[in-house]
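This report introduces one protein structure to a reader who has not met it before. Please look over the sequence and the model before reading on.

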Amino acid sequence: TSARMAFLTLIVWPRLRPSLAAGMPAARRETGGFDISGTPGGEDDGDLNRTYNLTGRFFVNDRLTLGGTFRHTDRVSDTDGFAFGAPNSAGLVVDDASNAELQESFGSLFAELEAFGGRLQNRLDLSFAHIDRQGRNGAGVQDQDNTGTRAKLSYKGTVALDSGDVDSADHTLTFAAEWEYLTYKGNQAFFGPGELVKRTREQTALVVEYQGSLGNGFDLQGSLRHDFNDTFEDFTTYAVGASYTLPNGATRVHASYGTGVQNPTLIEQFGFFANFRGNPALEPEQS
C-alpha cells in the first residue's frame, strides 16, 4: 500500500526511591494512509495519534501499596463518505474530506492492603474517564460534537478459607461492590435540541465468587452478581464452572454455564452524529 508510518516512543522508568516506582511513557504514531474509495485522484486518509501516560506505585510497607495511572490520547483520523443510495457495492465509499477527532483522558487511583497476615487481600479503585468526539462531513462542515464521562468506585476483597494466605489457599471467597456513574451530552444541536440534553445513568453491583481446588484434579468455581439500575430493571446473573485434569497431567476437560446482561450505551440510546441517530427505546440484552 501507499501507507507511511512514523513511530516514536519515549519511556522513562525512574526509581525515585526504594519504595516508589513511576513511569512516564509517551507515543506518537502517524500514518500517511491510503484511499479505499477507489476514486481516481482520491486523497490518502491518514491518522495521527498522540498518547501520554503517567503511572506510579508507592509501597508504604509490606502490606499497603498505593498507586495511580493517567492517560491522555489526542487523535485525528481522515475518513471517507458513505453513499447509502449507491447502485452497487463499488460506489458505497466516496472520497471526501470528512474526518473524526477524539480526545480521551483516563485516570485511576488504587489502594491494596493485605490483612490478617495475608489471609485477606483488599483492593479499592477509583477511576474516571472524559471523552470528547468531533467530526466533519465531506464538505468540511462539523456534524458531530459530544462529550461522555464515567466515574467508578469499586472494592474487592479475597479471603483464604483453608490457609493462612490467599496465594497458597486451595479455597477462596471473593466479595466485591462497585458503583458507576455515566453521562453523555451533545455540545451542538446539529439535528435537534434533544442533543443538548445531558443524559445520566447510575448503576451499583454486588458480587460474590467462590473458587476451589478439591484435589485429584477437580476445580470448581461459582459466582453471583446483582445489579441495581436507575434506568432499567435490576438483574441477577450467575456463572458456574468445573474442570478436571486427567492423570496424565497434560489434558484438562472443563464445562461452564453463565448468564449475562448488557445495557445499551448512552450513545446507542441518545447519540446523534453523521448518519446515526440513537434509539431511546433500546432495552438490555440478555444472554
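The sections below treat the pocket, the surface patch and the salt bridges of this predicted model.

**The largest pocket**

The largest pocket holds about 580 Å³ of space. It is lined by 27 residues, and those closest to its centre are Glu180, Leu182, Arg201, Thr265 and Leu266. Several elements supply at least two lining residues each, among them strand S9 (120-136), strand S10 (142-160) and helix H1 (266-270). Strand S11 gives the most, with five residues. The lining comprises nine nonpolar, ten polar and eight charged residues.

**A nonpolar surface patch**

Phe175, Val208, Leu224, Tyr238, Val240 and Tyr257 form a nonpolar patch on the surface, and together they have about 540 Å² of accessible area. Val240 belongs to strand S14 and counts as partly exposed because its relative accessibility is 44%, a value between the limits of 20% and 50%.

**Salt bridges**

Side chains of opposite charge can pair when their charged atoms come close. The model has ten salt bridges, including the three in this table.

| Pair | Closest N to O distance |
|---|---|
| Arg123 and Glu112 | 2.5 Å |
| Asp125 and Arg123 | 2.8 Å |
| Glu178 and Lys152 | 3.6 Å |

In the last pair, Glu178 in strand S11 and Lys152 in strand S10 lie 26 residues apart and link distant parts of the chain. Glu178 is partly exposed, with a relative accessible area of 22%, and Lys152 is partly exposed at 25%. A network of salt bridges links Arg57, Glu112, Arg123 and Asp125. Within this network, Arg123 is partly exposed at 26%.

Conventions:
Residues are numbered from 1 along each chain as its sequence is written. This is a predicted model: local features need pLDDT of at least 70, side-chain atom pairs count only at pLDDT 80 or more; totals for chains, interfaces and linings use all residues. Side-chain values use heavy atoms; hydrogens and water are left out. On a 1 Å grid over the protein atoms alone, a cavity is a set of points where a 1.4 Å probe fits but cannot get out, and a pocket is an open set with protein on both sides within 12 Å along at least five of seven lines; lining residues have an atom within 4 Å of a point. Grid points are joined across faces, edges and corners, and a volume is the space filled by probe spheres set on the points. Helices (H or I, at least four residues) and strands (E, at least two) are DSSP runs, numbered from the N terminus. Ala, Val, Leu, Ile, Met, Phe, Trp, Tyr, Cys and Pro count as nonpolar, Asp, Glu, Lys and Arg as charged, and the others, Gly among them, as polar. Patches are made of residues with over 30% relative accessible area and no salt bridge: like charges are joined within 9 Å, nonpolar side chains (Val, Leu, Ile, Met, Phe, Trp, Tyr) within 5 Å. Accessible areas come from the Shrake-Rupley method with a 1.4 Å probe; for residues, only the protein chains shown count as cover. A salt bridge is a side-chain nitrogen of Lys or Arg within 4 Å of a carboxyl oxygen of Asp or Glu. Buried means under 20% relative accessible area, exposed over 50%, partly exposed in between (1.4 Å probe, protein chains only).
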